[in-house]
Amino acid sequence: IRSRWHEKWKDQGDDYDNGLNGEFPEVRNCEDAKSRWILIGFEDPDVAELNRSVPTPATEDVPMACQLLASLMALVFTADVSSAFGQTIQGQRKEAGGKRLFATPPKEGIPGENPDEEILIEILAEIYGLVSGPPGWRQTLLTQFKSLNFKRHPLAPCVVLMYETINGVKDALSGLIVIETDDLLGGGIGPLFKDAMDKLRTKFNFGSWHYIKDAPRQYGGRTLRQLVNFSITIDMNRYLRERAHEIKIEKDRKPEAKCTPREITAGRGLMGSLNWATREGMPQGAGDCSMLASCFGGDGPVVSDLQEMNALFRRLKKDAVVITIHSIPLNRLKGLVFTDASLANNKDQRTQVCYLACMADQSILDGKEAKVSVLAYKSHKMTRSASNVLYTESFGMSDGLAFMEWMSTWFGLAKDLH
């Protein structure tokens, strides 16, 4: 199969300066050039035979994992495995029934090799671009975690947990790691966990390993930072500032006018960025995003819809909300959920319902002011029609309680998997 060079600018964090001094306007100062050799994976003759799917962390997995880490008062790190697919266990392709695989060099050639010579490269490990790369790397990583006595979370396939004796308590949760392909987010407090991390760093080559208490780091588009008291903040403002752009609307356009194809494309782009930002860490925009996203169906959006999208974008930038996950002791965590509903507030007369799921300090049960960590939320159209607000409120409460029951089970299993 063919191969090529994949070149891009990679975000290295706010504290990095590439030294270009704005010479290229499209390149941010925090980005550095990166070149990677990849294969044209869809040309793989065994593409239909090999396993080519892997799970990714659910939206809720990251904040809930952060709550456990903050409650453990663990130092949290983010890590990036360097050329992860090349570090997979060799021979997995053959075991899966695949044939020997060869690749031709990129048309630009390979540094150090004569471009006039015929070169054929045998693929012995997983390479970026192969459909078998992600599952091959996942199998390699989980095999290593199992050898280090980590256990997989039953409800979160991308979360692994470690238990050991802590302060005389046997099989106590001592640490966890969230896996997003070759990016890791984790932390722990016990000697067994720390020893496991030393072995992990010896086994694999890591391009970076940073503690978010020292400086904020990016993880899956979120900016994470750990405070002095071990609480963790989730900030989506940088993502929104750098990735989202207002829709340009020509002057004198009437609000009820149909949008042009260019405006629709720009609207989809802005809504994609807004949806991601609100889903990952901006609950104040979840309802607006849910209702505005529906305008792309049917006859398509009108100019007033685009104006509302721009207005939402400006509000989110102005508010600059940061979610704080508080360091509440594990034995004092209590679930807390807020729900709400309207009545026929969408353009199609459908009803919007929502919930906000949190963990709070148990002192809230005594009527005292307590620390509350916002962990998950959702705003969506009600699946049934309703004629009164009592019914919609009941539906919203049922929706929120159902999620809260699942979240409580998630925490219960993580704290005591035995």
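**Exercise 1. State how much accessible surface the protein chain has and what share of it belongs to carbon and sulfur atoms.**

Solution. The accessible surface of the chain amounts to about 21,800 Å². Carbon and sulfur atoms contribute 51% of that area. These values were computed on a predicted model.

**Exercise 2. Determine how the radius of gyration of the protein chain compares with the globule rule.**

Solution. Begin with the secondary structure: the protein chain contains nine helices and 17 strands. For 418 residues the globule rule gives 22 Å, and the radius of gyration is 24 Å, close to that value, so the chain is as compact as a globular protein of that length. Along the principal axes, the C-alpha trace extends over about 75 × 70 × 45 Å.

**Exercise 3. Find what percentage of contacts joins residues 24 or more positions apart.**

Solution. Consider the contacts in the protein chain with a separation of 6 or more; residues 24 or more positions apart account for 68% of them. As to burial, 44% of the 418 residues are buried.

**Exercise 4. Locate Ile364 and classify it as buried, partly exposed or exposed.**

Solution. First, Ile364 lies in the loop that runs between strand S16 (352–361) and strand S17 (372–381). Next, its relative accessible area is 32%. Buried means under 20% and exposed means over 50%, so Ile364 is partly exposed. Then set aside the neighbours within four places in sequence: Ile364 contacts Leu336, Ala370 and Val372. Finally, Lys334 is 30 residues from Ile364 in sequence, while their C-alpha atoms are 8.7 Å apart in space.

Note on methods: Residues numbered from 1 in each chain as written. Predicted model: local features only at pLDDT ≥ 70, side-chain atom pairs only at ≥ 80, totals over all residues. Heavy atoms only, no water. Helix = DSSP H or I, 4+ residues; strand = E, 2+ residues; numbered from the N terminus. Rg over C-alpha atoms; globule rule 2.2 N^0.38 Å. Buried < 20%, exposed > 50% of the residue type's maximum accessible area, 1.4 Å probe, protein only. Contact = heavy atoms within 4.5 Å. Areas by Shrake-Rupley, 256 points an atom, 1.4 Å probe, with all protein chains shown as cover.
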